[in-house]
Structures are given as C-alpha cells and as structure tokens.
Amino acid sequence: MTSTEVDDTDSLFDYKDDAWTSGGQTGDLDGTSHSTDTAGAQVIFGPFTGAPMQRHMLIYAILNPLFLLGSSITVYSSFDQSQPKVHFFVDGGEQDTVVPAQTSATTQFQVPIYTATSLDPSTTHSLQINVLDSGPFTLDYVLIGNGEF
C-alpha cells in the first residue's frame, strides 16, 4: 500500500473565513501548519477519489496534481498541552466523527487524530473539519492511503 502526504499549504485545503493563520514549527511536516483559536473555524479538503490506485490512474494523477486517488484519509495535528473538540466528516456526513478535546504534558507533533477508511471508489470525496470549541487547534497535513497496484 502506498500513501501520499498533502501538506497544510496545498491548494486542496480551503480555509474558510479569516479564522486560520499559517505558521509552523520544526516538528510539523515541512515545518508548516495552520492554526486557529476560533470556535466555528472550518476547513475543507478535496476533492479526492476513493478509487484503488491503478497504473493508468497513477499516470493521470502525475499529469493532474489536483486529482488525488485514495481509499482512506488520515488527518494529522500538532498540539501543545491542549486541543479543542473537533468535528470531522466526509462528503457532508459520511464517517462523521467528533474528536473530544485532548490534553498532553508535552508538545505533540504529527499526531493522527481522524481516519476515514473504505471510501467509495466510484466517487470523489471531500473532508470537512469544524472546530467546535475555542482554543488552539493546529492542522499539519493529511495522508491519502491508496490501494495497491
């Protein structure tokens, strides 16, 4: 199985409103991240496709970098002592999950906080992230898991 890391600065991320700031630390993927302290802040990632990777699709994906193929998606975050409650969902409701607030005694980098699997191979997908509570939330990157080819 192969996978593709998509950093928070990629154009497939659509950060809504002015609630997000770009920044980053050494422990973040590529040293970049997007953060917010605003309850109600939202970001949408996509489109990406849940199709298993096949050779002709790989060639298409290389020629068209805005088309990502994947059978799963995992969101990675970084947090320093706390992270608010966050709502994740695919395609407006599929694989709907609320991740409760988290705490840590030390700064954590590249922490997987949400995964959606078994995505429909016949459609394109989008992932929506809604920050439910005020407090620092940092988005580092997503990982698109591909089928074997």
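A strand here is a DSSP run of at least two residues (E), and strands are numbered from the N terminus. By that rule, D7 is in strand β1, which covers residues 3–7. The model shown in every view is predicted.

**Figure 1. The protein chain as a whole has one helix and twelve strands.** Read from the N terminus, the order of elements is β-β-β-β-β-α-β-β-β-β-β-β-β. The protein chain has 149 residues, and 45% of them are buried. Its accessible surface is about 7,300 Å², with 51% of that area on carbon and sulfur atoms. Taking contacts between residues at least 6 apart in sequence, 74% connect residues that are at least 24 apart.

**Figure 2. D7 in strand β1 is a buried residue without a salt bridge.** The nearest side chain of opposite charge belongs to K16 and is 20 Å away. A salt bridge would need a side-chain nitrogen of Lys or Arg within 4 Å of a carboxyl oxygen, so the K16 side chain does not qualify as a partner for D7. The D7 side chain does make a polar contact with the side chain of T32, at 2.5 Å. Leaving aside residues up to four places away in sequence, D7 touches F13, L29, D30, T32, D140 and Y141. T32 therefore appears both as a polar partner and in the contact list, as a polar contact requires N or O atoms within 3.5 Å and a contact requires heavy atoms within 4.5 Å. Two other residues in the list, D140 and Y141, fall within the range of strand β12, residues 137–145.

**Figure 3. Strand β4 pairs with β3 and with β12.** Strand β3, residues 21–23, is antiparallel to β4, and three bridges connect them. In that pairing T21 is opposite S35 of β4. Strand β12, residues 137–145, also runs antiparallel to β4, with three bridges between the two. Here the bridge partner of S35 is T138. S35 thus has T21 opposite it in β3 and T138 as its partner in β12.

**Figure 4. T138 is a buried residue of strand β12.** Its relative accessibility is 13%, and T138 counts as buried because the cut-off is under 20%. Beyond residues up to four places away in sequence, T138 touches S33, H34, S35, S77 and S78. Of these, S35 is the bridge partner of T138. S77 and S78 fall within the range of strand β7, residues 72–83.

**Figure 5. T38 sits in the loop that links β4 (33–36) to β5 (42–49).** T38 has a relative accessible area of 37%; this value is partly exposed because it lies between the limits of 20% and 50%. Apart from residues up to four places away in sequence, T38 touches A19 and V131. The C-alpha atoms of T38 and F137 are 8.6 Å apart, although 99 residues separate the two in sequence.

**Figure 6. Strand β5 contains P47 and F48.** The peptide bond joining G46 and P47 is cis, with omega about 5 degrees. F48 has a relative accessible area of 0% and is therefore buried. F48 and T124 lie 76 residues apart in sequence, yet their C-alpha atoms are 5.4 Å apart in space.

**Figure 7. Strands β8 and β9 form a hairpin with three residues between them.** β8 covers residues 86–90 and β9 covers residues 94–99; the two run antiparallel and are joined by four bridges. V86 is opposite V99 of β9. D91 lies in the loop between the two strands. Its phi is positive, about 55 degrees, although D91 is not a glycine. The relative accessibility of D91 is 31%, so D91 counts as partly exposed.

**Figure 8. Q81 in strand β7 has a positive phi.** The value is about 80 degrees, and Q81 is not a glycine. Strand β7 covers residues 72–83. D91 also has a positive phi, at about 55 degrees, but D91 is in the loop between β8 and β9, whereas Q81 is in a strand.

Technical notes:
Residues numbered from 1 in each chain as written. Predicted model: local features only at pLDDT ≥ 70, side-chain atom pairs only at ≥ 80, totals over all residues. Heavy atoms only, no water. Buried < 20%, exposed > 50% of the residue type's maximum accessible area, 1.4 Å probe, protein only. Areas by Shrake-Rupley, 256 points an atom, 1.4 Å probe, with all protein chains shown as cover. Pairing = 2+ DSSP bridges. Lys, Arg positive; Asp, Glu negative; His and termini not counted. Polar contact = N/O pair within 3.5 Å; in protein donor to acceptor, adjacent residues only side chain to side chain.
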